[in-house]
Amino acid sequence: MRTDPWTMMADKPGNEGETNVITKTKPKTQRPPMYKVLLLNDDYTPMEFVVHVLERFFGVSHAQAVEIMLTVHKKGVAVVGVFSYEIAETKVAQVMDFARRNQHPLQCTMEKED
């Protein structure tokens, strides 16, 4: 007895000469949504502390950290990086914890990128 589906199809009446093609469709993988990590200005956190946070948690150079810190100071907010949800969430938690442990009111948030 044959159990091969291809030969079974050929054995059925009315299927002479027909060829069946099985195609696999690849599911389209979507990129995960990305999240902007934002630093917010306040009137109490020292500029040097903000520069240190940027260098330590976001791996930017001293010059880049100073530039971002000045943007936060002048505009009230600056995007410090764009990450997947889990990484953005971790960075926000790290910055907030570090600021609190050092008794600074620095605020760090995240929002979904458009």
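## Notebook: salt bridges, sheet, core and rings

**Charged pairs.** I started in the helix: Asp 97 makes a salt bridge with Arg 101, with the closest N and O atoms 2.9 Å apart. A caution for myself is that this is a predicted model. Both residues sit in helix α4 (residues 85–101), four residues apart, about one turn of the helix. I looked up how open the two are: Asp 97 is partly exposed at 39% relative accessibility, and Arg 101 is exposed at 55%.

How many salt bridges does a search of the whole structure find? It finds two. The other entry I wrote down is Lys 36 with Glu 111, where the closest N and O atoms are 3.3 Å apart. This pair links distant parts of the chain, since Lys 36 is in strand β1 (residues 34–40) and Glu 111 in strand β3 (residues 107–112), 75 residues apart. Is Lys 36 buried or exposed? Lys 36 counts as buried because its relative accessibility is 18%, and the cut-off for buried is under 20%. Glu 111 comes out partly exposed, at 37%.

**An odd phi.** Next I checked the backbone. Most residues other than glycine have a negative phi. Gln 103 is not a glycine, yet has a positive phi of about 60°. I found Gln 103 in the loop between α4 and β3, and it is exposed, with a relative accessible area of 73%.

**The sheet.** In what order do the three strands of the open sheet run? I read β2-β1-β3, with antiparallel pairing. β2 (77–84) and β3 are the edge strands; each has a single partner, so one side of each lacks a neighbour in the sheet. Neighbouring strands are turned by 30° against each other on average, direction ignored. Between β1 and β3, which run antiparallel, I noted six bridges. Leu 38 has Thr 109 in β3 as its bridge partner. Helix α3 (residues 62–75) packs on this sheet and touches β1 and β2, its direction making about 125° with that of β2.

**The core.** Then I went inside. In soluble globular proteins, nonpolar side chains tend to be buried together. Here the largest nonpolar core has 26 residues, and those with the most contacts inside it are Val 37, Leu 39, Leu 54, Phe 58, Val 95 and Leu 106. β1, α2 (47–58), α3, β2 and α4 each give two or more residues to this core. Which element gives the largest share? That is α2, with seven residues. I picked out Val 95 and listed its contacts, leaving aside neighbours within four places in sequence: Leu 39, Val 53, Phe 57, Phe 58, Leu 106 and Cys 108.

**Rings.** Last, the aromatics: a search of the whole structure finds four aromatic pairs. Phe 49 and Phe 98 have ring centres 5.4 Å apart and planes at 10°, so I logged the pair as stacked. Phe 49 is in helix α2 and Phe 98 in helix α4, so the pair ties together parts 49 residues apart in sequence. Both are buried: Phe 49 has a relative accessible area of 10% and Phe 98 is at 7%.

Why is the pair of Phe 58 and Phe 83 tilted? Their centres are 6.3 Å apart and their planes stand at 35°, so tilted is the right word. This pair also links distant parts of the chain, with Phe 58 in helix α2 and Phe 83 in strand β2, 25 residues apart. Phe 58 is buried at 13%, and Phe 83 is buried at 19%. My last note is a cluster: ring pairs link Phe 49, Phe 57 and Phe 98.

Key
Residues are numbered from 1 along each chain as its sequence is written. This is a predicted model: local features need pLDDT of at least 70, side-chain atom pairs count only at pLDDT 80 or more; totals for chains, interfaces and linings use all residues. Side-chain values use heavy atoms; hydrogens and water are left out. A salt bridge is a side-chain nitrogen of Lys or Arg within 4 Å of a carboxyl oxygen of Asp or Glu. Buried means under 20% relative accessible area, exposed over 50%, partly exposed in between (1.4 Å probe, protein chains only). Two strands pair if DSSP finds at least two bridges between them. Axes are lines fitted to C-alpha atoms, for helices over the stretch in contact, and angles run from 0 to 180 degrees between N-to-C directions. Contact means heavy atoms within 4.5 Å. A nonpolar core is a set of buried Ala, Val, Leu, Ile, Met, Phe, Trp, Tyr and Cys residues joined through side-chain atoms within 4.5 Å. Rings of Phe, Tyr and Trp (its six-membered ring) pair if their centres lie within 6.5 Å; planes under 30 degrees apart count as stacked, over 60 as edge-to-face and the rest as tilted.
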